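Subject: Structure handover

Hello,

Here is the structure I promised to pass on. Please have it open while you read.

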Amino acid sequence: MNILTFRTQEELNKAGAGIITGLLQTNPRAVLGLATGSTPIGIYRELVESHRQGLVSFSKATAFNLDEYVGLEPGHPASYYTFMQEHLLGLVDIPPQQCHIPSGIAPDLQAECTRYDSLLEEHGQIDLQLLGLGHNGHIGFNEPDATLEGGTHLVELKESTRSANARFFDKPEQVPTHALTMGVGTILKAKMILLVVRGADKAEIVQRALQGPITTDCPASLLQTHPHVVVLLDSEAGGLLK
Ligand code: GLP
């Protein structure tokens, strides 16, 4: 693992955006695995700025998002579809038909997972998978459990995850109880993984994920088995690394 620690958020954002921009410049048809949450927002802002300056185009790229809440219409303000439109996909030149996200309102959620996996399969490997990290070690919405799933699947969110994400909703009880998420198998198949973590509140889980035992109790620890992971941390998040 290549672990890089940054003193300022700006440096971290520029480094993250630079890796994605560099990939798109050498491979305009790159397949990007994208993440939501507070963590990638600054990187997306830098990418939008680079696009505005004419330094990068997303016109031939394909985007696959990691996850979506069950029961939220795409137009819901807290849906991950809306998040991606507002922070990246709606602000750059990527055609909508090249942007994919599981549908949390599909009448048959199992069929939706199968559809998403088939679509991923058609595109071959994800070239770069961007990841944030949940406080409990989740990646996407792959929550700690005795076993983990390889492909896209329905997951019941842990109460700690629901309360961590309540800030995006008007009331805590509005946070959905379930989500669809890409599986750990799909994430680990990506050619390169870019894990980004910020803040002192994540220092302990960063240490467990990167230096602790590889266990399904901390899904991000499985990233230790991947041959090409780049980790971008601010100094707070990296504060407990040995
Ligand atoms: C969310 C998302 C994850 C994200 C993580 C951390 O629930 N499903 O993809 O990486 O939790 O979120 P944040 O960046 O807001 O701390």
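Below is what was found, from the whole chain down to single residues.

**Overall**

Please note that this is a predicted model. The chain comes to seven helices and 10 strands. Its radius of gyration is 17 Å. A compact globule with 242 residues would have one near 18 Å, so the chain agrees with that picture. Along the principal axes, the C-alpha atoms fill a box of roughly 45 × 40 × 35 Å.

Of the 242 residues, 55% are buried. The exposed area of the chain is about 10700 Å². Carbon and sulfur atoms supply 52% of that area. Now take the contacts between residues at least 6 apart in sequence: 78% of them join residues at least 24 apart.

**The three-stranded sheet**

Start with the open sheet of three strands. Its order is S4-S8-S7, and the pairing is antiparallel. Strands S4 (67-69) and S7 (153-156) stand at the edges. Each has a single partner strand, so one side of each lacks a neighbour in the sheet. On average, neighbouring strands here are turned by 25° against each other, direction ignored.

How many bridges hold each pair? S4 and S8 (residues 178-181) pair over three bridges. S7 and S8 are joined by four. Both pairs run antiparallel.

Look at Leu-180 in S8. Its bridge partner in S4 is Glu-68. Leu-154 of S7 also stands opposite Leu-180.

In a regular strand, side chains alternate between the two faces of the sheet. S7 has one covered face and one uncovered face. His-153 and Val-155 are on the covered face. Leu-154 and Glu-156 are on the uncovered one.

**Strand S6 and its partners**

S6 (128-131) is covered on both faces. Leu-128 and Leu-130 lie on one side, Gln-129 and Leu-131 on the other. All four residues are buried.

S6 pairs with S2 (residues 31-34) in the parallel sense, over two bridges. Within this pair, Gly-33 has Gln-129 as its bridge partner. S6 also pairs with S9, again parallel, over four bridges. There, Leu-130 stands opposite Leu-194.

**Helix H7**

Which residues of H7 (residues 203-211) are buried? They are Ala-203, Ile-205, Val-206, Gln-207, Ala-209 and Leu-210. Their cover includes strand S1 (2-6), S9 and strand S10 (229-234). So S9 turns up twice in this account: it pairs with S6, and it is part of the cover over H7.

**Salt bridges**

The whole structure holds five salt bridges. Three of them are worth a look in your viewer.

Glu-10 and Lys-14 form one of them, with the closest N and O atoms 3.9 Å apart. Both residues sit in helix H1 (residues 9-26). They are four residues apart, which means about one helical turn between them.

An α-helix has 3.6 residues a turn, so residues three or four places apart point the same way.

Lys-14 has a second partner. Its side chain also meets Glu-46 in a salt bridge, at 3.4 Å from N to O. This pair links distant parts of the chain: Lys-14 is in H1, while Glu-46 is in helix H2 (residues 41-52), 32 residues apart. Lys-14 is partly exposed, with a relative accessible area of 44%. Glu-46 is buried, at 18%.

The third pair is Lys-191 with Asp-127, whose closest N and O atoms are 3.0 Å apart. Both residues lie in loops. Lys-191 is between helix H6 (184-189) and strand S9 (192-197). Asp-127 is between helix H4 (109-122) and strand S6. The pair therefore ties together parts that are 64 residues apart in sequence. Lys-191 is partly exposed, with a relative accessible area of 44%. Asp-127 is buried, at 11%.

Shared partners join Glu-10, Lys-14 and Glu-46 into one network.

Best wishes

How values were computed:
Residues numbered from 1 in each chain as written. Predicted model: local features only at pLDDT ≥ 70, side-chain atom pairs only at ≥ 80, totals over all residues. Heavy atoms only, no water. Pairing = 2+ DSSP bridges. Axes fitted to C-alpha atoms, helices over the stretch in contact; angles between N-to-C directions. Rg over C-alpha atoms; globule rule 2.2 N^0.38 Å. Buried < 20%, exposed > 50% of the residue type's maximum accessible area, 1.4 Å probe, protein only. Contact = heavy atoms within 4.5 Å. Areas by Shrake-Rupley, 256 points an atom, 1.4 Å probe, with all protein chains shown as cover. Salt bridge = Lys/Arg side-chain N within 4 Å of Asp/Glu carboxyl O.
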